[in-house]
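Please open the model in your viewer and keep the sequence panel beside it, since each stop of this tour begins with a selection.

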Amino acid sequence: MKNYFDSINRIFNSYNSGKKISFCNYSNFTMLLLRIFFENNFIENYFLLIINKKKFIIVFIKNIYYLKYFSKPSRKIFLKNKNINSLLLNISLGIINTNLGLLTFKECKQIGISGFIIMIIL
């Protein structure tokens with residue numbers, strides 16, 4: 001769990017310092033988050049790089065203006081489906097960890113399931 005916090009913070013800090021490329025450590029969870037970022041146009045692309053049997057991810061960043069973590073390993077915040085309102089659906093990308101995997105607020109509202117909020121990105 002700690003690995004994806006580090007990777008996403010590296011991407012966010014790279015963008016804030018004016019860099020368009022970030023270099024992160026590999027984890028399956030980070031790859032799932034990057035897939036969601038790519039589908040919602042927050043990053044341009046990402047590639048897996050293997051050097052001496054160690055995996056890294058190269059991320060080309062488009063725009064990430066604001067990032068807020070909600071659930072952490074020590075504090076998990078559960079969001080019910082009926083509490084996802086239209087304001088959250090329209091202005092931000094929220095990522096929820098459900099029993100079906102990582103989903104956005106819109107996907108959770110369509111399917112009708114709940115889960116733990118991981119982060120919100122603007």
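Begin by selecting strands S6 and S7 (residues 101–104) of this predicted model, which run antiparallel to each other and are joined by four bridges. The connection between S6 and S7 is a hairpin that passes through two residues, and if you display Asn97 you will find Leu102 of S7 standing opposite.

Keep S6 selected and add strand S8 (residues 115–121), for here too the two strands run antiparallel, this time joined by five bridges. To locate this pairing in the viewer, pick out Gly94, which has Ile120 of S8 opposite. With both partners in view, how many of the six residues of strand S6 (residues 93–98) are buried? Five of them are, so S6 is largely enclosed by the rest of the structure.

From the enclosed strand, move to helix H3, which spans residues 86–91 and contains Ile91. Is Ile91 buried or exposed? Its relative accessibility is 54%, and because the threshold for calling a residue exposed is over 50%, Ile91 counts as exposed. Now add Tyr65, Tyr66 and Leu122 to the selection and switch on a surface, since these residues together with Ile91 make a nonpolar patch of about 430 Å².

Next, select strands S1, S2 and S3, which form an open sheet of three strands in the order S1-S3-S2, with antiparallel pairing. The edges are taken by S1 (21–25) and S2 (43–51), each of which has a single partner strand, so that one side of each is left without a neighbour in the sheet. Viewed across the sheet, the twist from one strand to the next averages 25 degrees.

Within this sheet, narrow the selection to S1 and S3 (residues 54–61), whose antiparallel pairing extends over five bridges. One residue to show there is Cys24, whose bridge partner in S3 is Ile57. As a reminder while you inspect the backbone, strands of a sheet pair through backbone hydrogen bonds, in either a parallel or an antiparallel sense.

Stay with Cys24 for the last stop, and display Cys108 as well. Cys24 has a relative accessible area of 1% and is therefore buried, while Cys108, with a relative accessible area of 0%, is buried too. How many disulfides does the model contain? The count comes to zero when a disulfide is taken as a pair of cysteine sulfur atoms within 2.5 Å.

Methods: Residues numbered from 1 in each chain as written. Predicted model: local features only at pLDDT ≥ 70, side-chain atom pairs only at ≥ 80, totals over all residues. Heavy atoms only, no water. Patch = residues over 30% accessible without salt bridge, like charges linked within 9 Å, V, L, I, M, F, W, Y side chains within 5 Å. Areas by Shrake-Rupley, 256 points an atom, 1.4 Å probe, with all protein chains shown as cover. Salt bridge = Lys/Arg side-chain N within 4 Å of Asp/Glu carboxyl O. Buried < 20%, exposed > 50% of the residue type's maximum accessible area, 1.4 Å probe, protein only. Pairing = 2+ DSSP bridges. Axes fitted to C-alpha atoms, helices over the stretch in contact; angles between N-to-C directions.
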